[in-house]
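Thank you all for coming; I would like to take a few minutes to go through one model with you. Please have a look at it on the screen before I start.

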Amino acid sequence: MLIYGVSLMSGCLIVGTIIGKLIGHMVGIDADVGGVGIAMLLLVIISRWFMDRDQLSALAQDGIKFWSAMYIPIVVAMAASQNVLAAFNAGTLAFIAGFLPVVAGFLLIRPLAALGGTAETEDAAKRAAQGAK
């Protein structure tokens with residue numbers, strides 16, 4: 001059941017947020033510094049700890065695995081939207097500084113993939129392309 005992972009994820013998020021705010025306070029800023037990342041690490045460590053000791057049922061393990069997999073894309077999407085809003089509010093230079101690396105990353109996908117490809121994968125890609133025509 002998927003509900004089993006929610007309590008563990010919620011607990012990790014609460015603890016991570018508290019630790020992140022404490023770090024922010026120690027640094028001298030009024031913000032959560034790394035709380036979500038700490039929560040993700042806690043989720044991985046605690047769920048693995050329970051699974052290694054076989055203290056969870058199969059349903060609970062499936063629920064925790066599901067929410068662990070869902071947690072990362074959700075957090076990345078939330079952080080990305082906050083960064084875009086901050087860039088728009090900070091001005092044009094901040095937006096360009098964030099936009100250019102993204103464009104460069106997209107443009108480098110094909111050259112980097114060509115560097116890492118093998119003859120077998122290239123042959124398979126050619127056969128797939130011919131079969132699609």
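Let me begin with a question: does I18 count as buried, partly exposed or exposed? This is a predicted model, so what I say about it rests on computed values. I18, which has its place in helix α1, has a relative accessibility of 49% and therefore counts as partly exposed, given that exposed means over 50%. Together with I14 and L22, I18 makes a nonpolar surface patch of about 300 Å².

Helix α1 also holds L8, and here the picture is another one, because L8 has a relative accessible area of 14% and is buried, the limit being under 20%. L8 belongs to the largest nonpolar core, which has 10 residues in all, the others being M9, C12, A39, L43, M51, L56, A60, I64 and Y71. Three helices, α1 (4-27), α2 (35-52) and α3 (58-90), each supply at least two residues of this core. As general background, nonpolar side chains in soluble globular proteins tend to be buried together. To give one distance for orientation, the C-alpha atoms of L8 and G63 are separated by 10.0 Å, although these two residues are 55 residues apart along the chain.

Let me turn to the charged side chains. A search of the whole structure finds 1 salt bridge, and it is the side chains of R48 and D52 that meet in a salt bridge, at 3.4 Å from N to O. Why are these two residues separated by about one helical turn? The reason is that R48 and D52 are 4 residues apart in helix α2. As for their surroundings, R48 is partly exposed, with a relative accessible area of 43%, whereas D52, with a relative accessible area of 52%, is exposed.

Finally, I come to helix α4, which covers residues 92-116 and has 25 residues. From its first C-alpha to its last, α4 reaches 36 Å, which is close to the 36 Å expected at 1.5 Å a residue. Even so, α4 has a kink of about 40° at L108, shortly before the proline P111. How many of the 25 residues of α4 are buried? The count is 0, and α4 is hardly covered.

To close, I would ask you to keep two places in mind: the core to which α1, α2 and α3 each supply at least two residues, and helix α4, which is hardly covered.

Notes
Residues numbered from 1 in each chain as written. Predicted model: local features only at pLDDT ≥ 70, side-chain atom pairs only at ≥ 80, totals over all residues. Heavy atoms only, no water. Core = buried A, V, L, I, M, F, W, Y, C linked by side-chain atoms within 4.5 Å. Buried < 20%, exposed > 50% of the residue type's maximum accessible area, 1.4 Å probe, protein only. Patch = residues over 30% accessible without salt bridge, like charges linked within 9 Å, V, L, I, M, F, W, Y side chains within 5 Å. Areas by Shrake-Rupley, 256 points an atom, 1.4 Å probe, with all protein chains shown as cover. Salt bridge = Lys/Arg side-chain N within 4 Å of Asp/Glu carboxyl O. Expected span 1.5 Å × (residues − 1). Bend = angle between axes of the 7 residues up to and from the residue.
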